[in-house]
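Grab a pencil and have a go at a few exercises on the protein shown here. Each task comes with a worked solution, so try it yourself before reading on.

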Amino acid sequence: MTSSGSRPLDRPTRLSWHRRRLHPHHARGLRLTLAVAAAFLALVPFTLLALLVLSAWSPLRRLDDTVTGTLVGYGVDHPSWTRAMNLWTDLFGPMPLRVGALLLVLWLVGRGARQLALWSATTMTVGGLLGPLLKLLVGRPRPAFPEPLAQAVGLAFPSGHALNATLAAGVLLVVCFARATRPAGRYAACAAALLLTGVTGFSRVALGVHWTTDVVAGWLLGAAVVAGFTVWRVVPPTLHPPSSAR
């Protein structure tokens with residue numbers, strides 16, 4: 001029913017983007033706002049860090065030298081510690097994480113969550129390609145020590161291990177939260193994501209193949225990629241196919 005000079009009562013009110021961006025009943029607009037904000041907050045410090053590295057800012061250079069040198073010295077004196085760090089960085093390097101992500105994508109496709117599978121594959125692929133490109137643009141050499149604890153080729157900034165660990169952790173969190181698991185499962189996913197990113201990044205500095213700022217840059221870039229791509233992820237509350245009506 002309509003009245004003179006008024007719109008139909010059953011026609012939904014169309015909100016402007018300005019109001020829709022934070023409205024709790026407009027999930028896409030809210031998610032877009034949060035994703036863009038999160039990506040921006042990660043990209044700003046990443047860009048600043050890259051500029052400081054390119055300008056060889058002396059306070060940052062001294063900090064890198066001190067932290068990496070101290071950790072390498074500890075590793076030289078404790079061979080078992082060095083073996084543990086090498087084992088971790090091998091198990092959770094970029095290639096094993098990509099294989100794990102591929103298996104996850106195949107599992108998601110098998111469960112019918114194809115859009116989530118596409119999001120996971122795109123996030124890992126685009127983020128993984130950004131790392132080598134930025135390494136070439138920045139051109140920062142790796143640390144060099146008289147007694148190296150590990151061998152690594154290529155340039156340093158950003159850390160590929162830290163970047164890919166952050167991407168994998170982000171995919172893990174999104175998939176786990178999409179399944180609407182119990183709180184215990186989500187807490188476990190958060191703990192695993194923090195452990196993966198934290199220890200992987202730390203191991204690269206402890207082994208003397210990266211500066212601390214390389215690892216921080218990898219974390220920031222990975223977080224920005226995950227946040228940026230989350231905007232177009234649309235998943236149902238559960239990955240289990242609906243049961244047939246009885």
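Below are four exercises on fold, core, surface and cysteines.

This is a predicted model, in which local features need pLDDT of at least 70, side-chain atom pairs count only at pLDDT 80 or more, and totals for chains, interfaces and linings use all residues. Residues are numbered from 1 along each chain as its sequence is written, and side-chain values use heavy atoms, with hydrogens and water left out.

**Exercise 1. Work out how many helices and strands the protein has.**

Step 1: Go through the DSSP runs, numbered from the N terminus (helices are H or I, at least four residues; strands are E, at least two). You get nine helices and zero strands.

Step 2: Look at the contacts (heavy atoms within 4.5 Å). Of those with a separation of 6 or more, 76% join residues 24 or more positions apart.

**Exercise 2. Find which residues have the most contacts inside the largest nonpolar core.**

Step 1: Start with burial (under 20% relative accessible area is buried, over 50% exposed, in between partly exposed; 1.4 Å probe, protein chains only). Of the 246 residues, 38% count as buried.

Step 2: Join up the core (buried Ala, Val, Leu, Ile, Met, Phe, Trp, Tyr and Cys residues linked through side-chain atoms within 4.5 Å). The largest one has 34 residues, and Phe46, Leu116, Trp119 and Phe157 have the most contacts inside it.

Step 3: See who contributes. Helix α7 gives the largest share of this core, nine residues.

Step 4: Don't miss the other core, which lies apart and has seven residues, including Leu149 and Val209.

**Exercise 3. Decide whether Asp214 is buried or exposed, and list what Asp214 touches.**

Step 1: Asp214 sits in helix α9. Its relative accessible area is 0%, so Asp214 is buried.

Step 2: Skip residues up to four places away in sequence, and Asp214 touches Arg140, Ala156, Phe157, Pro158 and Ser159. Phe157 also turned up among the residues with the most contacts in the largest core.

**Exercise 4. Explain why Cys176 and Cys190 don't form a bond.**

Step 1: Recall that a disulfide is a covalent bond between the sulfur atoms of two cysteines. The cut-off here is a pair of cysteine sulfur atoms within 2.5 Å.

Step 2: The cysteine sulfur closest to that of Cys176 belongs to Cys190, and because they are 8.5 Å apart, that's too far for a bond. The structure ends up with zero disulfides.

Step 3: Check the exposure of Cys190: at a relative accessible area of 30%, Cys190 is partly exposed.
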